[in-house]
Amino acid sequence: YDPDTTNKGEMEAHGATWATSSVEAGRAAETVLFTALPAPPEVRQVMEEDGVLELLKPGSCWIDHTTTDHEETMRLAAKAGNRGVDMLECPLTGGLELLKAGLMTVLVGGDKAVLDKYES
């Protein structure tokens, strides 16, 4: 889900299923939910206030690409873990130009076994 539909067609061409809201995306997530939000307040809004965290199925994984603060990530990861949902913190570096050039770096924090499970 993205309120900006500029890239909708391109995302769908690459296999993404477009959702009309964050709640719809959370409901539809079978195995993995990716988020890439502007900052911690938006993560809290989507995952807690909108209730997306409660919609994720036990055994699934939430991969967050938001650049956020460590304490908030750990708090939300604990809430996810209590529901049987794995979480990986994976902020992105380099911006849009490096992404387009295939040079973006993804930093990964979390349990190595979870990373190994979803790495491919």
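Biologist: What volume does the largest pocket have?

Modeller: This is a predicted model, where local features need pLDDT of at least 70, side-chain atom pairs count only at pLDDT 80 or more, and totals for chains, interfaces and linings use all residues. Side-chain values use heavy atoms, leaving out hydrogens and water, and residues are numbered from 1 along each chain as its sequence is written. A pocket is an open set of points on a 1 Å grid over the protein atoms alone where a 1.4 Å probe fits, with protein on both sides within 12 Å along at least five of seven lines. Probe spheres set on those points, joined across faces, edges and corners, fill about 1600 Å³ here.

Biologist: Which lining residues are closest to the centre of the largest pocket?

Modeller: Lining residues have an atom within 4 Å of a point, and this pocket has 34 of them. The closest to the centre are Tyr 1, Met 11, Phe 34, Thr 35 and Ala 36.

Biologist: Which helix gives the most to the largest nonpolar core?

Modeller: That core (buried Ala, Val, Leu, Ile, Met, Phe, Trp, Tyr and Cys joined through side-chain atoms within 4.5 Å) has 15 residues. Helices (DSSP runs of H or I, at least four residues) H3, H4 and H5 each supply at least two of them. The top giver, with 3 residues, is H3.

Biologist: Is Thr 73 buried or exposed?

Modeller: Thr 73 sits in helix H5 and, beyond its neighbours within four places in sequence, is in contact (heavy atoms within 4.5 Å) with Thr 68, Met 87 and Glu 89. Buried means under 20% relative accessible area, exposed over 50%. Thr 73 has 4%, so this residue is buried.

Notes:
Buried means under 20% relative accessible area, exposed over 50%, partly exposed in between (1.4 Å probe, protein chains only). Helices (H or I, at least four residues) and strands (E, at least two) are DSSP runs, numbered from the N terminus.
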